[in-house]
Structure formats: C-alpha cells, structure tokens
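Trainee: Hi, I have a new model open and would like a hand reading it. Could you walk me through it?
Mentor: Happy to, let's bring it up.

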Amino acid sequence: MRNHSGHDQTNHSHHGGHGGHGGARPGGLSVSENGYILELDSTILTGGVQPVSFRVIGPDGQAVTEFIPEHEKELHFIAVRRDTAGFQHVHPVMDGKGAWSVELALEPGDWRFFTDIHPVGHNGAMTLGIDVAVAGPYDPRPLPEATGIAQIGEYTVVLDGELLPGEASELTLTVSRNNRPVTDLQPYLAAYGHLVALRVGDLGYLHVHPEGEPGDGTTAPGPEIAFMAVAPSAGTYRLYLDFQHNDVVRTAEFTVRTTAATPRPDAAPQAAPEHGSRHGHHTHHAHH
C-alpha cells in the first residue's frame with residue numbers, strides 16, 4: 001500500500017449530500033449517469049507512476065467546470081485494480097476548461113477509476129466509473145482474508161460491527177500505534193476518517209457516512225472512528241479507511257462478508273413459510 005500524500009491529498013470527502021443514491025444503491029457501475037459521462041484521455045496506460053487526465057462531460061456535451069464541494073473537495077478520484085489491490089484516493093487538479101489531471105501509481109492489470117462529483121445544476125452527488133487497462137504482466141492477487149484487523153507499519157486498525165444487506169449498521173474502526181490508542185487523529189476531509197467500500201465481483205461503490213465531525217463538541221479525535229453503512233446486497237466487500245496522523249494519510253484495508261440481519265421475533269411466524277424458498281436465494285447464493 002502506498003501513502004497517497006503529496007498530491008494535495010490532505011483532504012478527501014464524500015459523505016455529505018449523498019441522499020440521492022437511495023441509501024444502498026451502489027454507485028460507479030456506469031460510466032454515464034444523468035447525462036454526465038466520465039471521459040479519460042486514454043483508457044490504456046503503462047505501469048508505474050503515471051499522469052492521468054480526464055473530463056466530466058455534461059448533458060450539453062461540454063466539459064463540466066463547476067462542481068459543488070463534497071467533503072471539502074470538488075471531485076474525489078478513486079483508483080483500484082479489479083482484484084481490489086492498489087487502492088488510491090486522490091484529488092486531481094482542474095484547469096479552467098474542465099480538464100482534470102493527477103498522478104497514480106499503477107501496476108499492470110485491469111483497473112477501475114471512479115469520480116465522485118456533484119455538478120452545479122444537478123440535484124445531488126453521483127459516482128461515475130470507467131475501466132482502464134494497464135499494460136504489462138498481470139499478477140492478480142487472491143482476496144485477503146476477513147480478519148477484521150489491518151496493520152500499516154506501526155499502526156493497527158481494528159474493525160468492529162457487521163455489514164448488513166439492505167440495512168444500516170454502525171462500523172467502528174479503532175486506531176492504535178505500537179499498541180497505544182491514537183487520540184490525536186487529524187481531520188481528513190471534514191472527518192477523522194474517510195471510508196470507501198467496494199463490492200467484490202463488480203466493484204459497486206458504496207457511500208459510507210461518518211458519525212459526527214471534528215469540532216462538533218462530541219466527536220473525539222480517536223481512537224475510535226464510527227461510520228454508518230448499508231450493504232446493497234449480501235456478498236463480500238472491501239473496505240478502505242483513510243486516516244491522517246502526524247501529517248501523513250494512511251490506508252487500512254479490510255475484507256468483510258455480510259451477515260444476515262436477525263429477524264424480529266414478532267415477524268418470524270408469518271414470514272417463515274414465504275421466506276423458506278426465497279431467503280436462501282437472496283442471502284446465500286447471490287453474489288458469491
């Protein structure tokens with residue numbers, strides 16, 4: 001994993017204003033949405049640290065130049081290889097004509113690039129995604145085990161909570177350094193942590209919302225960072241937590257499998273006959 005500091009990445013933000021996503025509907029599965037389309041200068045790249053340039057074309061056929069900031073940035077850019085390796089959350093720079101540019105560290109393979117945007121004149125944020133091929137010998141990696149613990153150098157991040165299909169649940173990430181709780185996290189994109197979740201298999205992009213914000217009088221700067229998340233379906237997800245400490249942004253990665261929501265006792269009797277045939281299909285066989 002690479003620390004993506006150095007490209008004006010002291011701030012990422014997605015969480016406010018994503019109500020338009022319908023809660024659990026994954027974003028980023030389409031290159032075009034609501035008349036907006038993500039257009040890369042090239043969808044074939046070579047490995048190494050590479051400049052990437054792109055535009056967001058609006059319904060009028062022109063490059064969009066005005067965006068409403070979400071989490072302190074007008075545009076958030078996520079890059080990840082299709083095997084979920086190489087995650088990077090960066091903040092490109094736009095020129096006056098709507099052309100964005102940023103440097104990415106790319107290994108050979110099939111990649112997915114996402115832009116998280118809220119164009120002026122559109123009533124909400126959206127995530128567009130596009131496939132990119134990086135030339136060279138591809139060495140896909142197996143999915144890491146679902147351990148609930150991520151180690152990044154001296155830092156350990158522990159994930160608590162369960163991801164539920166179709167239901168909001170709280171996820172808590174606890175940060176420690178050399179076995180001591182970190183209590184002086186720095187705000188990062190208007191929060192003490194920024195969490196991106198991607199569905200394994202199609203990289204459906206979830207917007208995860210932080211609980212509280214720096215300076216609200218109740219949210220502590222660590223060691224715990226809390227988020228509300230909704231899985232759009234049963235399945236396996238990859239979670240990427242960006243957090244900032246001692247002026248460096250680090251990324252903790254997790255593999256998470258959804259758990260079935262516990263049925264309410266009062267609903268169980270009536271639901272039992274109907275659920276018997278359908279439940280297995282939706283919970284156990286979809287997306288595996």
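**Strand β19 and its surroundings**

Mentor: Let's start in the middle of things: β19 and β20 run antiparallel and are joined by 10 bridges. Keep in mind that this is a predicted model.

Trainee: Okay, and which residue stands opposite Val248 in β20?
Mentor: That is His245.

Trainee: How many residues sit between the strands in that hairpin?
Mentor: There are two residues between β19 and β20, and Asn246 in this hairpin has a positive phi near 50°.

Trainee: What about β15, how does that run relative to β19, parallel or antiparallel?
Mentor: Antiparallel, with six bridges joining β15 to β19. As one example, His194 has Asp242 of β19 as its bridge partner.

Trainee: How many residues of β19 are buried?
Mentor: 10 of its 10 residues, so β19 is mostly covered given the cut-off of under 20% relative accessible area.

Trainee: And which side chains point which way?
Mentor: Thr236, Arg238, Tyr240, Asp242 and Gln244 point one way from β19, while Tyr237, Leu239, Leu241, Phe243 and His245 point the other way. Side chains in a regular strand alternate between the two faces of the sheet.

Trainee: Let's talk cores. Which residues touch the most other members in the largest nonpolar one?
Mentor: Val157, Leu239, Leu241, Phe243 and Phe254 do, in a core of 27 residues. Two or more residues each come from β11 (149-152), β12 (155-160), β13 (168-177), β15 (194-199), β18 (224-230), β19 (236-245) and β20 (248-257).

Trainee: Which of those gives the most?
Mentor: β19 does, with four residues.

Trainee: Can we zoom in on Leu239? What is it in contact with, beyond its sequence neighbours?
Mentor: If you leave aside neighbours within four places in sequence, Leu239 is in contact with Leu159, Leu171, Leu195, Val196, Ala197, Ala252, Glu253, Phe254 and Val256. There is also a second, separate core of 25 residues, and Leu38, Phe54, Ala79 and Trp111 are among them.

Trainee: New topic: I keep clicking on Thr84. Where does it lie?
Mentor: Thr84 lies in the loop between β5 (75-81) and β6 (88-90).

Trainee: Is that threonine buried or exposed?
Mentor: Thr84 is buried, because its relative accessible area is 3%.

Trainee: Which side chain does Thr84 make a polar contact with?
Mentor: The side chain of Arg238, at 3.1 Å. Arg238 is one of the buried residues of β19 we went through earlier. Apart from neighbours within four places in sequence, Thr84 is in contact with Leu143, Val200, Leu203, Arg238 and Tyr240.

Trainee: Now the other end of the chain numbering. In what order do the strands of the open sheet with β1 come?
Mentor: The order is β1-β2-β4-β8-β7, five strands with antiparallel pairing. The edge strands, each pairing on one side only, are β1 (32-33) and β7 (93-94).

Trainee: How many bridges does β1 make with β2?
Mentor: Two, in the antiparallel sense, with β2 covering residues 36-40. Glu33 has Tyr36 of β2 as its bridge partner.

Trainee: Last thing, what does the whole chain look like?
Mentor: The protein chain has one helix and 20 strands, and 47% of its 288 residues count as buried. About 13300 Å² is exposed, with carbon and sulfur atoms supplying 51% of it. Taking contacts between residues at least 6 apart in sequence, 69% join residues at least 24 apart.

Methods:
Residues are numbered from 1 along each chain as its sequence is written. This is a predicted model: local features need pLDDT of at least 70, side-chain atom pairs count only at pLDDT 80 or more; totals for chains, interfaces and linings use all residues. Side-chain values use heavy atoms; hydrogens and water are left out. Buried means under 20% relative accessible area, exposed over 50%, partly exposed in between (1.4 Å probe, protein chains only). Contact means heavy atoms within 4.5 Å. Accessible areas come from the Shrake-Rupley method with a 1.4 Å probe; for residues, only the protein chains shown count as cover. A polar contact is a pair of N or O atoms within 3.5 Å; within protein, one must be able to donate a hydrogen and the other to accept it, and residues adjacent in sequence count only if both atoms are side-chain atoms. A nonpolar core is a set of buried Ala, Val, Leu, Ile, Met, Phe, Trp, Tyr and Cys residues joined through side-chain atoms within 4.5 Å. Two strands pair if DSSP finds at least two bridges between them.
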